[in-house]
Amino acid sequence: MKNVFKPFPISIFIFAMMISCTTNNKTESKIELCVGDYLTEEEGAQKLQQLAANYSNTDDWKSRAKAIKENIFHGAELDKIPEDEWDYPIKVTKSNKHEMDGYSVESVILEVKPGYFITGNLYQPLDLAELNPALLSPHGHWFEADDYGRFRPDVQKRCASLAKMGAVVFTYDMVGTGEDVQHVHLEPGSLTKQCYNGIRILDYISSLDYVDKTRIGITGASGGGTQTFLVAALDDRISVSVPTVMVSAHFYGGCVCESGMPIHKHGEFETNNVEIAASIAPKPLMIIGDGGDWTKNIPEVEFPFIHNIYEMFGAGENAEYAYFKDEVHDYGFSKRKAAYGFLAKHLELDLNKILDENNEINEDFVVLLDNAQLKAFPDRDLVLHPMTK
């Protein structure tokens, strides 16, 4: 495994999930899962104040960030994945290419270890440069028949717009959803597999000779927001992170793919998603929220905490937030517009490519394709109910 945090030389949420505890008999340490609304809003804000008292300079934060990443790596049991599963040469199968207004999209199958497949879509600018920035685009827990996973209109619009702006964008199925019939989504191991998938996708994207390895970002909403800050924390190849409608001091993610393993709390060690998101400091980070979900306190609670960390590095301009008080839990147009500006700035994308005659961002050029046009396995049915066993 290359360029991934290694502590060793080898290297949609379900609202009312029960908080569970297990005991590791070998270590005699209690492992407590931090699930869903693990804290009240007040407790979440207090927790950030307590955490902030532990670091006052960049050395303190670097040490803390290292501990956070180590806890994720161990808690998600990524350290138990054999080395040959990290180093397996990825086999790529492409099909179904469509050329549109300024971008293309094609279906992709990545065999990242023997018999283990990741399915997705690769969006690229038609006018590829010698070196292009790249983005990973994980999706969240949206599984309605006409609004499903990586095929959702908002995902297509986001990926197409970023591609037209000059980015190579890969959007992919969550574990046990979409075309991934190999796994069951509601199993704790989904968290391990999703982190593994994200890192292996980075291996693939980084292997493309026309991708600039110093300009790789990641953005997704809801459960895709969780994947965003976890992959960004684990893999140093991510240079820009935009987790959307997910960074909260009191809500830890309600699905097992987000909180089904001890990545937040183990023994005396405890962290939360705000610290995890900030662990990439001083690299650019934008958090996006709204008044209709658990990110409603971003302006007063989560962002000031994050910004203070960036200020310690003298990089306050690298941390931003976008907040939409009257909006709900989604990656809607206003949220996408905010992300486009931030990503254009830090990945050197050409925002002008998606501006209309009034100098406004306009996604009308995007052609929405149906599931059949985007599927990597033409004859494979989508997983209809991934949130049930």
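Where in α9 is the kink centred, and about how many degrees is it? The kink is of about 35 degrees and is centred on P304, the bend at a residue being the angle between axes fitted to the seven residues ending there and the seven starting there. The model examined here is predicted, so that local features need pLDDT of at least 70 and side-chain atom pairs count only at pLDDT 80 or more, while totals for chains, interfaces and linings use all residues. Residues are numbered from 1 along each chain as its sequence is written, and side-chain values use heavy atoms, with hydrogens and water left out.

Helix α9 is a good place to start. It covers residues 298-312, 15 residues in total, and reaches 20 Å from its first C-alpha to its last, close to the 21 Å expected at 1.5 Å a residue. The expected span is 1.5 Å times one less than the number of residues; helices (H or I, at least four residues) and strands (E, at least two) are DSSP runs, numbered from the N terminus. Buried residues of α9 (under 20% relative accessible area; exposed is over 50% and partly exposed in between, with a 1.4 Å probe and protein chains only) are I298, P299, E302, F303, F305, I306, I309 and Y310. An α-helix has 3.6 residues a turn, so residues three or four places apart point the same way. Among the elements that cover the buried residues of α9 are the helices α1 (41-52), α2 (58-75) and α8 (273-278), together with the strands β14 (285-290) and β15 (319-324). After α9 comes G314, with a positive phi near 70 degrees.

The kinked helix also takes part in a pocket. The lining of the second largest pocket includes P304, along with A45, L48, Q49 and others, and about 190 Å³ of space lies in this pocket. Two or more residues of this lining come from each of α1 and α9, and α9 gives the most, with seven residues. By type, the lining holds nine nonpolar residues, two polar and one charged; Ala, Val, Leu, Ile, Met, Phe, Trp, Tyr, Cys and Pro count as nonpolar, Asp, Glu, Lys and Arg as charged, and the others, Gly among them, as polar. A pocket is, on a 1 Å grid over the protein atoms alone, an open set of points where a 1.4 Å probe fits, with protein on both sides within 12 Å along at least five of seven lines, and lining residues have an atom within 4 Å of a point. Grid points are joined across faces, edges and corners, and a volume is the space filled by probe spheres set on the points.

Two threonines can be visited next. T192, in helix α5 (residues 189-207), counts as buried at 12% relative accessibility. Leaving aside residues up to four places away in sequence, T192 touches A76, E77, L78, I81 and M261, contact meaning heavy atoms within 4.5 Å. T93, found in strand β3 (residues 91-99), is partly exposed, with a relative accessible area of 45%.

Some backbone details complete the tour. N96, also found in strand β3, has a positive phi of about 60 degrees although it is not a glycine. S222 likewise has a positive phi, near 55 degrees; it lies in the loop between β10 (211-221) and α6 (223-234) and is buried, with a relative accessible area of 1%. The peptide bond from A281 to P282 is cis, with omega near 10 degrees, and P282 is placed in the loop between α8 and β14.
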